[in-house]
Amino acid sequence: QTLSAAARRALERAAPESAIGYVRRALAEQPAHDLRLELLRLLVRAYFHAGDRTGFDELRDSGQLDELIDEPQMLLESAVELATALYSWDRVEEMERLLRRAATAAIEAGNNELAASFQVLLAYWAHVAPPEMLERLVALREASSPGTPGERLYLALQSYYGLLVGESRERVIELAHRAVQDGVIVREYPDTPMPLMGIYALCYAGDLDGAERSLTQYLAVAGSLGLAATFAQGGVGGEVALRRGQVADAEAEARLAVDLQRQAGYTLAYSVVVALVVEVLIERDDLSGAEAELAAAGFTTAMPEDWWNGPPLYSRGRLRLAQGKPREALEDLVALGELAAKDGLQPAFLPVLSDVALALHAVGDVAAAKAVAEQELAGARAWGQPRRIGIALRTLGLIEGDERGVELLRASLNVLDAASN
């Protein structure tokens with residue numbers, strides 16, 4: 001008991017390596033069955049916080065994880081964090097089996113909300129397309145009572161996936177705020193990206209103040225989550241900083257997230273943070289550095305047709321445009337559009353058509369470029385996100401040129417300045 005308490009304290013002060021040592025010593029003392037299970041759960045958490053894939057694999061290969069899974073109540077309590085670790089370290093089939101088993105156990109225990117939560121998490125990790133995910137979220141909403149973990153999970157994912165299919169900006173922001181209110185969801189889904197879904201939704205929808213407040217709250221609650229909390233700061237914090245125009249801060253945050261991902265061997269959301277680093281380096285005009293980041297991540301060649309690879313595909317298209325390779329840029333941007341159409345995505349927060357218009361202009365198709373730019377400006381105004389509107393105005397201004405172009409560029413500057421504050 002003493003060593004178990006010491007391990008918990010070590011995790012609370014973000015010292016997972018010390019926690020690992022305490023738990024191992026406690027397990028060596030042959031503790032009682034219930035305490036042993038709790039110690040194994042602590043050890044999984046400590047390995048994940050420390051980014052110790054080798055230790056986790058040794059624990060898994062020893063069969064000791066089966067002890068957690070074979071105990072019904074412990075399975076229900078630990079399934080989410082176990083699934084996150086398994087997915088993050090490329091044990092996808094094991095993660096799927098675990099969550100299916102946990103969902104069945106929850107149904108047998110009469111906890112339909114928990115069962116629906118496991119089923120939604122399984123769909124998330126399986127990269128189910130957003131329209132299908134939104135259909136599955138209906139079951140979670142119907143099984144959840146107000147103010148419960150299930151409802152907050154529903155709100156977080158509904159805000160994020162709604163954002164991806166063109167839900168109104170106002171609705172996305174409303175749902176996201178309800179999901180992350182008071183930071184309760186962080187305690188309910190520690191070590192998972194679930195609390196961050198709402199914060200990302202706020203950021204992408206243009207509520208930067210709300211995203212920053214929620215991130216601060218997240219870190220206050222999750223300060224002991226080791227690499228997971230640092231990734232949140234780097235990934236979400238970097239996105240907010242970039243949209244504020246704080247490029248140096250964005251680069252520092254994003255590089256930290258990427259370096260930690262590589263250090264720990266996490267695959268979780270790796271494509272998102274790599275895309276963020278590339279975007280930052282494009283803004284800094286460090287095009288060779290951006291190319292190197294794509295190469296290091298394996299994103300310079302054909303990518304699997306998975307909508308989770310949309311962010312690096314988009315960033316690569318933008319990089320090709322910045323490199324003076326508009327035809328290659330168009331290839332990536334068109335491929336992104338085809339991927340989005342296949343999986344039912346309508347990401348209204350992304351100014352993709354502005355980049356398409358600039359690429360068309362660069363290859364000499366001025367009429368098509370102007371038509372696409374005008375279409376993008378109309379769409380941006382309809383959705384109402386200031387950043388996208390400002391980018392659309394700038395794009396049309398660059399294509400128009402002359403006096404009207406200058407007027408559009410001035411309007412763009414005003415909108416973008418206001419959007420970043």
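Start with the empty spaces: the count comes to 3 cavities of 30 Å³ or more. A cavity is a set of points on a 1 Å grid over the protein atoms alone where a 1.4 Å probe fits but cannot get out. Volume is the space filled by probe spheres set on the points.

This is a predicted model, where local features need pLDDT of at least 70, side-chain atom pairs count only at pLDDT 80 or more, and totals for chains, interfaces and linings use all residues. Residues are numbered from 1 along each chain, and side-chain values use heavy atoms, without hydrogens and water.

**Stop 1: a cavity.** Select Val 180, Gly 183, Ile 185, Val 186, Pro 195, Ile 199, Ser 214, Gln 217 and Tyr 218. They line the second largest cavity, each with an atom within 4 Å of a point. Its volume is about 40 Å³. Helix H14 gives the largest share of this lining, 3 residues. Helices here are DSSP runs (H or I, at least four residues), numbered from the N terminus.

**Stop 2: helix H8.** Now select residues 112–125, which form H8. Is H8 largely enclosed or not? It is largely enclosed by the rest of the structure, because 11 of its 14 residues are buried (under 20% relative accessible area, 1.4 Å probe, protein chains only). Add helices H6, H7, H9, H10 and H13: the buried residues of H8 pack against them. Just after H8 comes His 127, with a positive phi near 60°.

**Stop 3: Tyr 124.** Leaving aside neighbours within four places in sequence, Tyr 124 is in contact (heavy atoms within 4.5 Å) with residues including Met 133, Leu 157 and Trp 308.

Definitions and conventions: Helices (H or I, at least four residues) and strands (E, at least two) are DSSP runs, numbered from the N terminus. The expected span of a helix is 1.5 Å times one less than its number of residues. Buried means under 20% relative accessible area, exposed over 50%, partly exposed in between (1.4 Å probe, protein chains only). On a 1 Å grid over the protein atoms alone, a cavity is a set of points where a 1.4 Å probe fits but cannot get out, and a pocket is an open set with protein on both sides within 12 Å along at least five of seven lines; lining residues have an atom within 4 Å of a point.
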